[in-house]
Amino acid sequence: MGVGFSQALQTGLFDLLSGDLELSTMAAIYDAPPVLSAADAEADYVTLGEEAVKPLGPAEDGLIAHDVDIVIHSPAHGFGRVKGIGARIDTLLTGATAAVAAARIVDIRFLRAKADRGVGVDRRRMRLTYRVVLEPAAT
């Protein structure tokens, strides 16, 4: 299937994250980087980032691994806020069963996180990477 599930996975992850009340009080969730107004420039937000897709195992098994980045952006001067948001995202994704059209999530696994410094609304940034293994849904 290759990248055939990419859009459905992105939609499922977006719905899972944006549907969580606790996370929504911590940060806005975007599918793509927003154009922020001056009023929004002091708010934390999360974007669904880059993705790498590869087959996992023999082709007949149909397993596809999606390494997905979720990026937390913050104008904060310290890392506390991005780390708190990251912890909430990790709680939501670890063992999650997000709805993915025409596919079934076999596994979601944390791969890595990297926090770094930037400027402006990206003064603090954390990139979380998860491996999501999908298989075609039974027909």
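Two residues are in contact when heavy atoms lie within 4.5 Å. The legends below use the word in that sense and describe a predicted model.

**Figure 1. Overview of the chain.** The secondary structure consists of three helices and five strands. Read from the N terminus, these elements follow the order α-α-β-β-β-α-β-β. The C-alpha trace spans about 50 × 25 × 25 Å along its principal axes. The radius of gyration is 16 Å, which agrees with the value near 14 Å for a compact globule of 139 residues. Of the contacts with a separation of 6 or more, 63% are between residues 24 or more positions apart.

**Figure 2. Surface and charges of the chain.** The accessible surface is about 7400 Å², and carbon and sulfur atoms contribute 56% of it. Buried residues are 38% of the 139 residues. The chain has 14 positive and 18 negative charges, and the mean positions of the two sets are 9 Å apart.

**Figure 3. Surroundings of Leu13 in helix H1.** Leu13 is part of helix H1, which covers residues 6–18. Leu13 has a relative accessibility of 4%; because the limit for a buried residue is under 20%, Leu13 counts as buried. Leaving aside residues up to four places away in sequence, Leu13 touches Val68 and Leu93. Leu93 is 80 residues from Leu13 along the chain, yet their C-alpha atoms are separated by 8.4 Å. The other partner, Val68, is itself buried and belongs to strand E3.

**Figure 4. Strand E3 and its two faces.** Eleven of the eleven residues of E3 are buried, so the strand is largely enclosed by the rest of the structure. In a regular strand the side chains alternate between the two faces of the sheet. On one side of E3 are Ile64, His66, Val68, Ile70, Ile72 and Ser74. On the other side are Ala65, Asp67, Asp69, Val71 and His73. Both faces are covered, and the residues on each are all buried. The buried set includes Asp67 and Asp69 as well as Ile70 and Val71.

**Figure 5. Pairing of E3 with E2 and E5.** Strand E3 (residues 64–74) pairs with E2 in the antiparallel sense, over nine bridges. Among the residues that face each other here, Val46 stands opposite Ile72, and Glu51 has Val68 in E3 as its bridge partner. Val68 is also one of the residues that Leu13 touches. Strand E5 (residues 124–136) pairs with E3 as well, again in the antiparallel sense, over eleven bridges. In this pairing, Asp69 has Thr129 in E5 as its bridge partner.

**Figure 6. Pairing of E1 with E2.** Strand E1 (residues 28–30) and strand E2 (residues 45–55) run parallel and are joined by three bridges. Ala28 stands opposite Tyr45 in E2. E2 also pairs with E3, there in the antiparallel sense.

**Figure 7. The loop at Ala102.** Ala102 lies in the loop between helix H3 (80–93) and strand E4 (103–117). Most residues other than glycine have a negative phi. Ala102 is not a glycine, but its phi is positive, at about 65°. The relative accessible area of Ala102 is 56%. Because exposed means over 50%, Ala102 is classed as exposed.

Methods:
Residues numbered from 1 in each chain as written. Predicted model: local features only at pLDDT ≥ 70, side-chain atom pairs only at ≥ 80, totals over all residues. Heavy atoms only, no water. Helix = DSSP H or I, 4+ residues; strand = E, 2+ residues; numbered from the N terminus. Buried < 20%, exposed > 50% of the residue type's maximum accessible area, 1.4 Å probe, protein only. Pairing = 2+ DSSP bridges. Rg over C-alpha atoms; globule rule 2.2 N^0.38 Å. Areas by Shrake-Rupley, 256 points an atom, 1.4 Å probe, with all protein chains shown as cover. Lys, Arg positive; Asp, Glu negative; His and termini not counted. Charge placed at Lys NZ, Arg CZ, Asp CG, Glu CD.
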